[in-house]
Structure formats: structure tokens, C-alpha cells
Amino acid sequence: MQQLILGGIRSGKSRYAQQLAGQSNKPVTLIATATAGDEEMAERIRRHQQERPAHWQVVEEPLALSDALQKSDDPDAIILIDCLTLWLTNLLLDRDPQRLEQEQNNLLACLPSLQADLLFVSNEVGQGIIPADPLSRRFADETGRLHQRLAGVCDRVTMITAGLPQTLKG
């Protein structure tokens with residue numbers, strides 16, 4: 001089962017995904033994509049670390065998500081990826097301008113062969129005004145396109161609003 005979990009900032013999407021993973025009674029691997037570029041982000045990472053069970057295996061991978069998924073794949077496990085929008089940010093800021101498209105294509109290409117249950121967490125960013133600067137517009141566009149591609153192949157898509165899950169697909 002592959003599920004895309006979308007929501008805004010502080011919507012409860014990570015908490016919801018963690019609950020699903022914990023209720024699965026399967027070994028959980030968390031693939032964390034965040035990097036601590038400043039103190040506030042480091043604090044966000046610390047908070048997430050404190051909120052998740054200590055026995056979960058954690059893989060920190062800011063760029064090569066498909067590689068991390070393939071290395072962590074196990075038919076008896078669940079993999080929680082938190083989060084795709086930070087992953088996209090890392091790729092947008094990477095020195096190699098081709099890497100964004102390459103890594104997204106690698107991710108979509110590896111999904112059919114994976115046997116673990118997957119929970120993808122991502123921010124829905126396309127419901128506001130069009131950003132004023134080019135990087136922010138590109139980020140919103142890339143995020144929207146990735147969500148559409150993933151929603152097309154995932155078994156379930158859930159939107160979290162104010163901590164409440166709304167099933168969009170599945």
C-alpha cells in the first residue's frame with residue numbers, strides 16, 4: 001500500500017502518518033529529508049525526533065530518496081517519508097540543475113518494485129496566491145506536479161486539515 005498524506009503547515013499530517021505507521025504493527029523506517037540550515041529548522045527537527053518512537057529506524061536522506069527507499073525496502077515493513085516538500089527544496093537548491101528532474105523520475109520509477117508499505121508526507125502549497133519570486137513559484141509548481149504524479153500511482157491520498165483526515169482517493 002502506498003499512501004500520499006497532504007496538508008498545510010501544522011495541519012497534523014506528520015502526526016497522522018506516525019499514527020498510521022505505529023498502528024500497522026510492522027517495523028517502521030522513517031526517511032527524514034530535512035536539513036538544519038538554521039536554528040529554527042534545527043528546533044523543528046528536534047521536535048519531530050521527540051515525537052516519534054525511539055525504536056523506529058531512521059534514515060536521513062535529503063536528496064537520493066529513491067536510493068534510500070530501495071535500501072530500506074522490506075515486504076514486512078512500513079516506510080514513512082517525511083517530507084517531500086523539504087526534499088524538493090533540497091533538490092531545488094542543489095548545485096546540479098538536472099538533479100531535481102532526475103531524482104523525481106527515479107522516485108516514480110522505483111515505486112512499482114517496492115514491497116514495503118509507504119507513507120509519503122508532503123505540504124500542500126498550491127492553495128494560496130502565486131508567490132512573487134521565481135524560486136517560490138518554481139517550488140509551488142514542482143510540488144504540485146509531484147503531488148499529481150504521486151496521487152496517480154498511490155493507492156490512497158489523504159488531506160489533513162486541522163488534524164482531521166479527509167480521504168481523497170482510496
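In this predicted model, the second largest pocket is lined by Val125, Gly126, Gln127, Gly128, Ile129, Ile130, Pro131, Ser136, Arg137, Phe139, Ala140 and Asp141. The volume of this pocket is about 160 Å³. By class, its lining divides into 6 nonpolar, 4 polar and 2 charged residues.

The largest pocket holds about 890 Å³ of space. Its lining is formed by 30 residues, of which Arg10, Arg44, His48, Cys83 and Leu86 are the closest to the pocket centre. Two or more lining residues come from each of α1 (13–23), β2 (28–32), α2 and α4 (84–92). Helix α2 makes the largest contribution, with 7 residues. The lining of the largest pocket comprises 10 nonpolar, 10 polar and 10 charged residues.

Salt bridges were examined next. Side chains of opposite charge can pair when their charged atoms come close. The structure contains 8 salt bridges. One of them joins the side chains of arginine 44 and glutamate 40, with an N to O distance of 2.5 Å. Both residues belong to helix α2 (residues 39–51), where they are 4 residues apart, about one turn of the helix. Arginine 44 is partly exposed, its relative accessible area being 29%, and glutamate 40 is also partly exposed, at 44%. Arginine 44 is in addition one of the residues closest to the centre of the largest pocket.

A further salt bridge links the side chains of glutamate 43 and arginine 47, at 4.0 Å from N to O. These two residues, glutamate 43 and arginine 47, are 4 residues apart in helix α2, a separation of about one helical turn. Glutamate 43 has a relative accessibility of 33% and counts as partly exposed; arginine 47, at 30%, is likewise partly exposed.

In helix α6 (residues 134–153), glutamate 142 and arginine 138 lie 4 residues apart, again about one helical turn. The pair forms a salt bridge in which the closest N and O atoms are 3.7 Å apart. Arginine 138 is partly exposed, with a relative accessible area of 38%. Glutamate 142 has a relative accessibility of 12% and therefore counts as buried, the cut-off for burial being under 20%. Elsewhere, salt bridges with shared partners connect Glu39, Glu43, Arg46 and Arg47 into one network.

Technical notes:
Residues numbered from 1 in each chain as written. Predicted model: local features only at pLDDT ≥ 70, side-chain atom pairs only at ≥ 80, totals over all residues. Heavy atoms only, no water. Buried < 20%, exposed > 50% of the residue type's maximum accessible area, 1.4 Å probe, protein only. 1 Å grid on protein atoms, 1.4 Å probe; cavity = no way out; pocket = protein on both sides within 12 Å on 5 of 7 lines; lining within 4 Å. Points joined across faces, edges and corners; volume = space filled by probe spheres on them. Nonpolar A, V, L, I, M, F, W, Y, C, P; charged D, E, K, R; others polar.
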